[in-house]
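Welcome! Here is a short briefing to help you find your way around this structure.

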Number of protein chains: 2
Amino acid sequence: MKKLEPRDLSRDQCPVMKTISTVGDRWILLILRECFLGFKRFDDFHDNLGVSTSVLSIKLNTMIDRGLLYRKQYRNEGRRSRFEYRLTGMGWDLIKVVIALMEWGNEHLIKKGEPTLDILERGTGQDTKLQLINEEGGRTDWYELKLRVIEK
Amino acid sequence: MKKLEPRDLSRDQCPVMKTISTVGDRWILLILRECFLGFKRFDDFHDNLGVSTSVLSIKLNTMIDRGLLYRKQYRNEGRRSRFEYRLTGMGWDLIKVVIALMEWGNEHLIKKGEPTLDILERGTGQDTKLQLINEEGGRTDWYELKLRVIEK
DNA sequence: TACTTGGGTTCTATTTTAGAACCCAGCCTA
DNA sequence: TAGGCTGGGTTCTAAAATAGAACCCAAGTA
């Protein structure tokens with residue numbers, strides 16, 4: 001049994017590639033950003049993203065089909081019923097991706113002195129940062145990584 | 001001076017949005033994956049990704065223009081000169097994004113028992129995982145987050 | 001019933017991609 | 001030097017996706 005190398009993984013086997021084919025779409029990523037900021041409604045997304053209603057509708061339904069979002073009907077008194085789009089657990093887990101995008105943007109695209117978005121720890125107000133952690137809880141240096149094929 | 005809320009950031013000011021407009025493109029994400037796996041050459045990308053040469057050429061040049069990659073000419077003895085495409089420091093920093101995509105894929109898209117890709121710590125062989133860390137070095141719970149507008 | 005709100009759907013033009021054919025350049029060898 | 005091989009595109013046509021606007025259907029209320 002020949003040992004599999006990372007390069008040998010087919011497109012079907014590579015988690016990165018699989019994820020990209022699920023969410024690696026500009027509009028889906030932007031909608032995820034909206035969801036993490038707390039927006040929920042069709043017109044919020046539409047106004048914020050400047051996307052056509054047809055594309056927005058398709059993308060929202062794609063995200064529902066893929067288990068990232070679910071629709072919940074609600075109604076305010078004296079108003080017609082509406083829908084909000086909420087993250088599933090699976091969709092919520094993409095927060096790591098969104099935060100990674102944010103950190104990279106803050107580091108490389110946002111000028112010093114300009115307002116920008118950041119994630120703080122709720123209880124303490126402390127700034128946070130994504131870090132790779134090993135099994136003992138220690139930090140792993142970004143340059144000390146090894147790719148491997150494993151079986152979960 | 002009215003305090004800015006995260007929701008008030010314009011598209012130009014939001015780091016997530018800015019990053020998405022830089023790299024939130026399926027082909028660019030896939031090319032990044034290739035780069036992180038160590039592939040460097042036009043034909044590697046072409047074979048692995050099943051992308052047309054025209055799109056690949058455009059995307060590679062886009063990534064060069066945006067500072068994610070640079071081209072380096074090289075030549076093996078007895079062969080014609082070729083080009084390899086290497087990550088810049090800026091491009092390397094997107095490793096957080098790629099790892100986040102990988103972790104999500106491993107959690108939600110790869111079946112148990114199937115081979116998949118993982119990141120280990122080089123010196124110890126220990127498994128690693130992305131985690132949010134606060135200023136004191138402690139872990140921040142994924143549900144204890146607060147979005148804020150700051151100035152870097 | 002008419003009107004307002006809300007979430008699309010349809011349509012046309014434009015842009016991007018898919019896939020194949022074609023082309024140009026760098027080297028080496030006969 | 002000519003021809004061949006390798007390497008990285010470029011061009012072209014058809015298909016798919018998007019942009020942007022007009023249009024439409026449904027849920028409520030007055």
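How many salt bridges are counted between chain B and chain A? The count is four, a salt bridge being a side-chain nitrogen of Lys or Arg within 4 Å of a carboxyl oxygen of Asp or Glu. This is a predicted model, in which local features need pLDDT of at least 70 and side-chain atom pairs count only at pLDDT 80 or more, while totals for chains, interfaces and linings use all residues. Residues are numbered from 1 along each chain as its sequence is written, chains are lettered from A and ligands numbered from 1 in the order in which they are written, and side-chain values use heavy atoms, leaving out hydrogens and water.

**Where chain A and chain B meet**

- Chain B and chain A bring 87 residues each to the contact (heavy atoms within 4.5 Å).
- About 9000 Å² is buried between the two chains, and carbon and sulfur atoms give 63% of that area; buried area is the accessible area (1.4 Å probe) that two parts lose on being put together, summed over both.
- On the chain B side, B:Lys96, B:Trp104 and B:Lys152 lose the most area to chain A, together 9% of what that side buries.
- B:Lys96 also forms a salt bridge with A:Glu103, at 2.6 Å from N to O.
- Strand β3 (residues 115–121) of chain A runs antiparallel to β5(B), joined by seven bridges; strands are DSSP runs of E, at least two residues, and helices are runs of H or I, at least four, numbered from the N terminus, and two strands pair if DSSP finds at least two bridges between them.
- Within this pairing, A:Thr116 stands opposite B:Ile150.

**Around DNA strand D**

- There are 21 residues surrounding DNA strand D, and the closest are A:Arg75, A:Arg80, B:Thr53, B:Ser57 and B:Tyr85 (near means a heavy atom within 4 Å).
- Of the strand D atoms within 4 Å of the protein, 69% belong to sugar or phosphate and the rest to bases.
- Phosphate oxygens of strand D lie 3.1 Å from a side-chain N or O atom of A:Arg26 and 3.2 Å from one of A:Lys59.

**Around DNA strand C**

- DNA strand C has 22 residues around it, with A:Thr53, A:Ser57, A:Tyr85, B:Arg75 and B:Arg80 coming nearest.
- The side chain of A:Arg82 places an N or O atom 2.8 Å from a phosphate oxygen of strand C.
- A base oxygen of strand C is 3.5 Å from a polar side-chain atom of B:Ser54.

Key:
Polar contact = N/O pair within 3.5 Å; in protein donor to acceptor, adjacent residues only side chain to side chain.
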